[in-house]
Amino acid sequence: MQESNNPEKFVPRGAIAFFALLVTLGLIIWFGIYFIMLSRI
Amino acid sequence: MIDKFERNVIYTALLVSGLFIFSLFYAMGAKKADVTECLPYDKSYETARVNQIDAHTYQIFYVARMWNFEPSIAYIPVGSEVDLFVTSLDVVHGFNIFNKNTNLMGVPGGVSKTTVKFEEPGVYKVVCHEYCGTGHQNMQAEIIVNYPKK
């Protein structure tokens, strides 16, 4: 609670976690299709 | 002065984009993934045929129309490299070989070309995967690789 009252020390942990999750999900989907494609050459 | 979180997001985006671009060039270069071409159109592509160039190189000229592909069956020896040319006489059709890395469009007035190598014997189903009307689900062809022998 103290942290959110002080704008200088604010760290957007939720946004960072959400961003990391989106990037990870994108990588899994993209490389999933990519390796299927390579196996069918 | 750029915010440190904003800077980290930019670095991450650049890193991931670089990884994607490197992977594409790796597939095209080291793995020799064929990139589909669009060729200049002429009337000769409207005649479906199979040409043998040498013992292991073939050309198949596919003509798509509602709702079949010509030639509907093509016989190819194992280990052949096949240049596929696809055009359409009516609407846009899809051209997908099941379990191969082939995804073309048959466009009226256009020619799509790709090259596929058939290392394993079997019956390779070709299906239309672009909705083209009421008979779309029955639109298919076969590439028979050394089975039955002919």
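C38(B) counts as exposed in this predicted model, because 12 C-beta neighbours lie inside 10 Å and a residue with 12 or fewer is classed in that way. C38(B) belongs to strand β1 of chain B, which spans residues 37-39. Leaving aside neighbours within four places in sequence, C38(B) is in contact with G110(B), V111(B) and S112(B). Another pair involving C38(B) is formed with V86(B): 48 residues separate the two in sequence, and their C-alpha atoms are 9.7 Å apart in space.

**Domains and the helix of chain B**

The domain assignment divides chain B into domain 1, residues 1-33, and domain 2, residues 37-145. The centres of these two domains, taken over C-alpha atoms, are separated by 35 Å.

Helix α1 of chain B covers residues 4-29. None of its residues is buried: the count is 0 among 26, and the helix is hardly covered. A13(B), which lies in this helix, is exposed because it has 12 other C-beta atoms within 10 Å. From A13(B) to G135(B) the C-alpha separation is 44 Å, and the two residues are 122 places apart in sequence.

**Chain A and its contact with chain B**

Chain A contains 2 helices and 0 strands. Of its 41 residues, 0% are buried. Helix α2 of chain A, residues 13-39, is likewise hardly covered, with a buried count of 0 among its 27 residues. An unreviewed UniProt entry places the feature "transmembrane region" at residues 15-37 of chain A. Over that stretch the model is 100% helix and 0% strand, and the end C-alpha atoms are 33 Å apart.

The table sets out the spans of the two helices described here.

| Helix | Residues | Number of residues | Span, first to last C-alpha | Expected span at 1.5 Å a residue |
|---|---|---|---|---|
| α1(B) | 4-29 | 26 residues | 37 Å | 38 Å |
| α2(A) | 13-39 | 27 residues | 38 Å | 39 Å |

For α1(B), the span is close to the expected value; the span of α2(A) is also close to its expected value.

The contact between the chains takes 13 residues from chain B and 9 residues from chain A. On the side of chain B that touches chain A, the residues divide into 6 nonpolar, 4 polar and 3 charged.

**Strand pairing in chain B**

Strand β2 of chain B, residues 49-54, is hardly covered, the count of buried residues among its 6 residues being 0. This strand runs antiparallel to β3(B), residues 57-65, and 5 bridges join the two. One of the paired positions is D54(B), whose bridge partner in β3(B) is T57(B). Together β2(B) and β3(B) form a hairpin, with 2 residues between them.

Strand β11 of chain B, residues 140-145, has two unlike faces: A141(B), I143(B) and V145(B) make up the covered face, while Q140(B), E142(B) and I144(B) make up the uncovered one. In a regular strand the side chains alternate between the two faces of the sheet.

β11(B) pairs with two strands described here. With β5(B) the pairing is parallel, over 4 bridges, and Y75(B) has I144(B) as its bridge partner in β11(B). With β10(B), residues 122-127, the pairing is antiparallel, over 6 bridges. In this second pairing, V127(B) is matched with Q140(B) of β11(B). Both of these bridge partners in β11(B), I144(B) and Q140(B), belong to its uncovered face.

**Backbone geometry in the loops of chain B**

A cis peptide bond joins M66(B) and W67(B), with omega about -5°. W67(B) is placed in the loop between β3 and β4 of chain B, β4 being residues 68-70. A cis peptide bond also joins E70(B) and P71(B), again with omega about -5°. P71(B) lies in the loop between β4 and β5 of chain B, where β5 is residues 73-76.

N99(B) has phi near 65°, a positive value in a residue other than glycine. The loop that holds N99(B) runs between β7, residues 93-97, and β8, residues 103-106, of chain B. N99(B) counts as partly exposed because it has 13 C-beta neighbours inside 10 Å, a number that falls between the limits of 12 or fewer for exposed and 20 or more for buried.

Technical notes: Residues numbered from 1 in each chain as written. Chains lettered and ligands numbered in written order. Predicted model: local features only at pLDDT ≥ 70, side-chain atom pairs only at ≥ 80, totals over all residues. Contact = placed C-beta atoms within 7 Å. Nonpolar A, V, L, I, M, F, W, Y, C, P; charged D, E, K, R; others polar. Pairing = 2+ DSSP bridges. Expected span 1.5 Å × (residues − 1). UniProt positions renumbered as here; feature names shortened; annotations may be inferred. Domains from an automatic or database assignment.
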